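Work through the following exercises with the sequence and the model side by side, trying each task before reading its solution.

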Amino acid sequence: MARSDGYNTKTRQLILDYLINNRQHAVSASNILAHLEEQGAAPNPTTVYRYLDKLAGEQRVMKYVADKGEKAVFQYVDEGRHCREHLHLKCVRCGRIYHLDCHFMDEVRSHLMAEHGFTLQCEGSVLYGLCRSCAAKEAETVHPAQTEKNCESPIDTAEKP
């Protein structure tokens, strides 16, 4: 039995739309499947995984896998982001992903090569911590009187080219 191209196109477009609308976060295939069901689609999990792998191969999404056995998460990549050339920062509280796309990456690469003879491969590399907003909220709950002093965060470098 032949598949209907219309179904695949609609499902793929729903997946892509979901990824684009959630580009600040990495989402799992189960998040996407739940969204598709909410939209009235009857998704086949294999179809979703295959399409996500296809998008990763086309460099339209980044695929992150923390450890073997952990589920993969995916993030839409805006054109011109060059996500395979820089590290990413993920807030462990809100899940937002920041692109460490700045001059700092050049310094890191140079240092690693000069001092350690090591070539950095950034694809899928993520550093975990707290974003500025979440760090401020945490500081507020831990030390309400010192909130203003504790709001500074090194994340600034990720937001500025």
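**Exercise 1.** Find the residue with a positive phi that follows helix H2, and then describe the two faces of this helix.

Solution. Begin at the end of the helix: Gly40 follows H2, and its phi is positive, near 85°. Residues are numbered from 1 along each chain as its sequence is written, and helices (H or I, at least four residues) and strands (E, at least two) are DSSP runs numbered from the N terminus. The model is a predicted one, in which local features need pLDDT of at least 70, side-chain atom pairs count only at pLDDT 80 or more, and totals for chains, interfaces and linings use all residues, while side-chain values use heavy atoms, with hydrogens and water left out.

Next, look along H2, residues 29-38, whose buried residues are Ala29, Ile32, Leu33, His35 and Leu36; buried means under 20% relative accessible area, exposed over 50%, and partly exposed in between, with a 1.4 Å probe and protein chains only. These residues lie on the same side of H2 because they cover an arc of only 160° around the axis, the arc being that of the directions from the helix axis to the C-beta atoms. An α-helix has 3.6 residues a turn, so residues three or four places apart point the same way. Finally, turn to the face directed away from the buried side, where the exposed residues Glu37 and Glu38 are found.

**Exercise 2.** Work out the strand order of the sheet that contains S1, and state which strands are its edges.

Solution. The three strands form an open, antiparallel sheet in the order S1-S3-S2, where two strands pair if DSSP finds at least two bridges between them. The edge strands are S1 (27-28) and S2 (61-64), each of which pairs on one side only. S1 is joined to S3, residues 73-76, by two bridges, and Val27 has Phe74 in S3 as its bridge partner.

**Exercise 3.** Describe the sheet that contains S4 in the same manner.

Solution. Here the order is S5-S4-S6, in an open sheet of three strands with mixed pairing. At its edges are S5 (97-100) and S6 (126-129), each pairing on one side only. S4, residues 87-91, pairs with S5 in the antiparallel sense over four bridges, and the partner of Leu87 in S5 is Leu100.

**Exercise 4.** How many helices and strands does the protein have, and in what order do they run?

Solution. The protein has six helices and six strands, and from the N terminus on they run α-β-α-α-β-β-β-β-α-β-α-α. Of its 161 residues, 36% are buried.
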